[in-house]
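Let's take a walk through this structure together, with the sequence and the 3D view open side by side. We will go from surface to ligand and then along the chain.

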Amino acid sequence: MSRVYNFSAGPAAVPVDVLKKAQQEMLEWHDSGMSVMEMSHRGKDFISIAEKAEADVRELMNVPENYKVLFLQGGATTQFSMVPMNLLRGKEKTCYVNTGAWSKKAIKEAKIHSNVHISASSESTNFTTIPAVDSWDVDQNAAYLHYTSNETIGGVEFHSIPDVGDIDLVADMSSNILSREFDVSKFGVIYAGGQKNMGPSGIALTIVRDDLIGNVKAGSPSMMDYKNHADAGSMFNTPATYSWYLMGLVFEWIKEQGGVSAIEAQNVRKAEKLYAAIDNSDFYANPVELTSRSRMNIPFTLANAELEGLFLSEAKSAGLVTLKGHRSVGGMRASIYNAMPEEGVDALISMMAEFERTKA
Ligand SMILES: *Cc1c(COP(=O)(O)O)cnc(C)c1O
C-alpha cells in the first residue's frame, strides 16, 4: 500500500490514525457485534458515540454552555439557507461580507430570504485581500452579519474575529474550523461542513447560541428549523451516523495532538514554510496580500503556465496529488488542513524546488 499526500480542498485528507481506528472498528464496534453504520441511532452504543463527539468538540472549542452543537446534514450549503431562515426574527435586512467564491454562494442563498446589504467586498482586488474592518458598513439593525472566515478557493483567511459591535456575528468556518483558536462566545452561529477539517462529507457542524433558536421563519420546512434539531439532539431524522462517528474520531485525534492550540502551531509552521518557498522563488507566486493569506489553502501559480500539466504529473509521480487549482482561479492550490502532516508539506517544497531547478 502506498498512501499519497493528498492536497485536495475537500473532501480532504483524513488523519491516517483515524482511518486505522475506523478500520479496526469497521466490522465490530467495541462489543456491539456490528459496525457503527449498522447501529440504530437510538441505541445506547450510538448515543454514546454521539455524546462523546459532542463533548469532545465542546472541549476542543471551549463552547460555552449557552450554545447548542448540532450535527446536521446537507453540508455547509444548507446552512446558507438555515441561517437566514432562523435568524431573521421578523427582520428583513441582513449584512454580508463578500471575500470570494464561498461568500458569494452564501449571499446568493440569503437573497432568497432577506434584503442583503453588502457591508464590505474585496471584489476590486479580485478577492486577494480582506477589507479593513473599520471600513465595513454594518447596519446594527440588521438581523446578523455573515462572513467567511477562510475562503477555500481564493486562499484568503481572517486572522482575527472582526469586531462588528452588538450585531450577531455568523461565520462559515468550513475550511478553518479547529485549525486555530476561536472565541465561540463572539459568535451567534458558527457552521462548517465536515470534509475539510473534520473528516467525511455529508455532515455539518453548527454551533448556535440558545437565544437564536426557536424563531424560524413561518412556512419553513421542519428540517430547516434549528429548534427541531436542537430539541431532538440532532436526531430529528436519522442523522449521518457514520460521518458523525468519524468526526468524533477526528476530534479524539485532535485532542491527542494536544488540542487546537498545538494544531494551530503546526499549521502556522506548515503554512510559513510553504509561503516562504513560494516567496523565495521567482518561478512560483501567490497573489494574496500578505496579511490575508490562508494557512489552509495556498494557491500558487507557475511563471510559465504551460508547465502546469508537467508540474502536476511530476508531483503525482512524487506521491503528491490533487494540486490543480480551482477551475475559477487556475494555477495550483495546496490545501494543507490539520490532517496534512508536516512531512507532506516538506515533500511538496522539495518537489517544487527540484521542478524549478530542472524544468523552469
Ligand atoms: C466546502 C465549503 C462549503 C460547502 O460545503 P458543502 O459541504 O459542500 O455544502 C461552504 N463554505 C466553505 C468556506 C467551504 O470551503
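## Reading the surface

Before we look at individual side chains, one cut-off is worth having in hand: a residue is called buried under 20% relative accessible area, exposed over 50%, and partly exposed in between. Please also keep in mind that this is a predicted model.

With that in hand, start at K93. Its relative accessibility is 28%, so K93 counts as partly exposed. D139 has a relative accessible area of 22% and is therefore partly exposed too. These two residues form a salt bridge, with the closest N and O atoms 2.8 Å apart. The pair ties together distant parts of the chain: K93 belongs to strand β3 (residues 93-98), whereas D139 sits in the loop between β4 (115-121) and β5 (145-148), and 46 residues separate them.

## Around the ligand

Which residues are closest to the ligand? They are T77, T152, D172, Q195 and K196, out of 13 residues that surround the ligand. Sorted by class, this shell holds three nonpolar, eight polar and two charged residues. Helix α3 (residues 75-87) supplies the largest share of the shell, namely four residues.

Three side chains are worth displaying with their distances. In T152, a side-chain N or O atom is 2.4 Å from an oxygen atom of the ligand. D172 places a polar side-chain atom 2.6 Å from a nitrogen atom of the ligand. For Q195, a polar side-chain atom is 2.9 Å from an oxygen atom of the ligand. On its own the ligand has 390 Å² of accessible area, and the protein covers 87% of that.

## More salt bridges

The pair we met at the start has company: the model has 24 salt bridges. One of them joins E342 and R269, whose closest N and O atoms are 3.0 Å apart. This is another link between distant parts of the chain, with E342 in helix α9 (residues 342-359) and R269 in helix α7 (residues 260-279), 73 residues apart. R269 has a relative accessible area of 41%, so this residue is partly exposed.

A salt bridge also joins the side chains of K44 and D45, at 3.8 Å from N to O. How do the two partners fare at the surface? K44, at 69% relative accessibility, counts as exposed, while D45, at 24%, counts as partly exposed. Elsewhere, salt bridges link several residues into a network made up of K21, E25, K52, D56, E59, E252 and K255.

## Backbone details to check

Where is the cis peptide bond that runs into P11? This bond goes from G10 to P11, and its omega is near -10 degrees. P11 itself lies in the loop between β1 (5-6) and α1 (16-24).

Two other loop residues have a positive phi without being glycine. H30 has a phi of about 45 degrees and is found in the loop between α1 and α2 (44-61). Its relative accessible area is 48%, so H30 is partly exposed. R89 has a phi near 45 degrees, and its place is the loop between α3 and β3. With a relative accessible area of 34%, R89 is partly exposed.

## Two residues with contrasting settings

Is S103 buried or exposed? S103 has a relative accessible area of 0%, and since buried means under 20%, S103 is buried. S103 is part of helix α4 (residues 101-113). Leaving out neighbours within four places in sequence, S103 is in contact with V97, N98, T148 and E151. With E151 there is also a polar contact between the side chains, at 2.5 Å.

F236, on the other hand, is found in the loop between α5 (226-231) and α6 (241-256). Its relative accessible area is 34%, so F236 is partly exposed. Not counting residues up to four places away in sequence, F236 touches S222, M223, N228 and H229. F236 is 25 residues from D211 in sequence, and their C-alpha atoms are 20 Å apart in space.

Note on methods:
Residues numbered from 1 in each chain as written. Predicted model: local features only at pLDDT ≥ 70, side-chain atom pairs only at ≥ 80, totals over all residues. Heavy atoms only, no water. Near = heavy atom within 4 Å. Polar contact = N/O pair within 3.5 Å; in protein donor to acceptor, adjacent residues only side chain to side chain. Areas by Shrake-Rupley, 256 points an atom, 1.4 Å probe, with all protein chains shown as cover. Nonpolar A, V, L, I, M, F, W, Y, C, P; charged D, E, K, R; others polar. Salt bridge = Lys/Arg side-chain N within 4 Å of Asp/Glu carboxyl O. Buried < 20%, exposed > 50% of the residue type's maximum accessible area, 1.4 Å probe, protein only. Contact = heavy atoms within 4.5 Å.
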